[in-house]
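Please open the structure in your viewer and keep the selection panel at hand. The stops below go from one selection to the next, with a short account of what is found at each.

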Amino acid sequence: MKKSLESQIYLQCPLIFRNKNAGLHVNLMQFGFDCGEGWFEILENLFLNIEAYSRQLLEQGRSIDKLPSAAQVKEKWGTLCVYIDNTDEHIETLIQAAGGRSCVTCEICGNPGKIIIESYYRVRCGICRNL
């Protein structure tokens, strides 16, 4: 994903991306979002929801080091794969829903797509299939 799009999400979600520069001994965020721009809206929606939930947890007294924190964002087997530290059932439900949306969203352009299997799994629309 383009760094400019990643930065947009980082600015909107400072709590969950507070450790993005902590290094490989903490998480894999230094590699950025290892997926295409077509999933930007899915990721933005997911992370805004997790950020809002994290703010609620903070207001309820949870310490900042126990709040959800992004660990890795990537494509795996053609679908979106997001790892969050300090997660819970609510966050896992949000992540599963985002993964489900990625299965029918072209990773390149964001239009409706489907999983195709050629040399590897990927989600593409009819136009982007041959890119």
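Throughout this tour, a residue is called buried when its relative accessible area is under 20%, exposed when that area is over 50%, and partly exposed in between. The model is predicted.

**Stop one: the salt bridge at the end of the chain**

Select Arg 129 first, and colour it by accessibility if your viewer allows: with a relative accessible area of 33%, which lies between the two cut-offs, Arg 129 is partly exposed. Add Glu 118, which forms a salt bridge with Arg 129, the closest N and O atoms being 3.5 Å apart. Because Glu 118 lies in the loop between strand E4 (114-117) and E5, while Arg 129 belongs to the segment after E5, the pair ties together parts that are eleven residues apart in sequence. Glu 118 is likewise partly exposed, at 43% relative accessibility. Now extend the selection to Arg 122, since Glu 118, Arg 122 and Arg 129 are linked in a network of salt bridges.

**Stop two: a cysteine in the segment after E5**

Move to Cys 128, which is found in the segment after E5. Is Cys 128 buried or exposed? Its relative accessible area is 5%, so Cys 128 counts as buried. If residues up to four places away in sequence are set aside, Cys 128 touches Cys 106, Ile 108 and Cys 109. Draw a distance between the C-alpha atoms of Cys 128 and Cys 109, and the viewer should give 7.5 Å for these two residues, which are 19 residues apart along the chain.

**Stop three: the nonpolar patch**

Next select Trp 77, Ile 115, Ile 117 and Tyr 121 together and switch on a surface, because these residues make a nonpolar surface patch of about 430 Å², a patch taking in residues with over 30% relative accessible area and no salt bridge. Tyr 121 sits in strand E5 (residues 121-124), and its relative accessibility of 32% makes Tyr 121 partly exposed. Trp 77, by contrast, is placed in the loop between E2 and E3 and is exposed, with a relative accessible area of 61%.

**Stop four: the hairpin and its neighbours**

Keep Trp 77 selected and turn to its backbone. The phi of Trp 77 is near 55°, a positive value in a residue other than glycine, and Trp 77 takes this value in the hairpin of E2 and E3, which has two residues between the strands. Show E2 and strand E3 (residues 79-85) as ribbons: they pair in the antiparallel sense over seven bridges, and Gln 72 stands opposite Tyr 83 in E3. Strand E2 (residues 69-76) is mostly covered, six of its eight residues being buried.

Now add strand E1 (residues 33-34), which pairs with E2 in the parallel sense over two bridges. To locate this pairing, select Asp 34, whose bridge partner in E2 is Lys 74. With helix H2 (residues 40-59) also shown, E1, H2 and E2 make a left-handed β-α-β unit.

A second positive phi can be found by selecting Asn 86, where the angle is near 60°, again in a residue other than glycine. Asn 86 lies in the loop between E3 and helix H3 (89-102), and at 33% relative accessibility Asn 86 is partly exposed.

**Stop five: salt bridges within helices**

How many salt bridges does the structure hold? There are five, and two that lie within helices are good selections to close on. In helix H2, select Arg 55 and Glu 51, which form a salt bridge whose closest N and O atoms are 3.1 Å apart. Both residues lie in helix H2, four residues apart, about one turn of the helix. The two partners differ in their cover, as Arg 55 is partly exposed at 38% relative accessibility, whereas Glu 51 is buried, with a relative accessible area of 3%.

Finally, go to helix H1 (residues 3-12) and select Glu 6 and Lys 3, which are three residues apart there and therefore separated by about one helical turn. Their salt bridge has its closest N and O atoms 3.6 Å apart. Here Glu 6 is buried at 3% relative accessibility, whereas Lys 3 is exposed, with a relative accessible area of 52%.

How values were computed: Residues are numbered from 1 along each chain as its sequence is written. This is a predicted model: local features need pLDDT of at least 70, side-chain atom pairs count only at pLDDT 80 or more; totals for chains, interfaces and linings use all residues. Side-chain values use heavy atoms; hydrogens and water are left out. Patches are made of residues with over 30% relative accessible area and no salt bridge: like charges are joined within 9 Å, nonpolar side chains (Val, Leu, Ile, Met, Phe, Trp, Tyr) within 5 Å. Accessible areas come from the Shrake-Rupley method with a 1.4 Å probe; for residues, only the protein chains shown count as cover. A salt bridge is a side-chain nitrogen of Lys or Arg within 4 Å of a carboxyl oxygen of Asp or Glu. Buried means under 20% relative accessible area, exposed over 50%, partly exposed in between (1.4 Å probe, protein chains only). Two strands pair if DSSP finds at least two bridges between them. A crossover is right-handed if, with the strands pointing away from the viewer, the path from the first strand over the helix to the second runs clockwise. Contact means heavy atoms within 4.5 Å.
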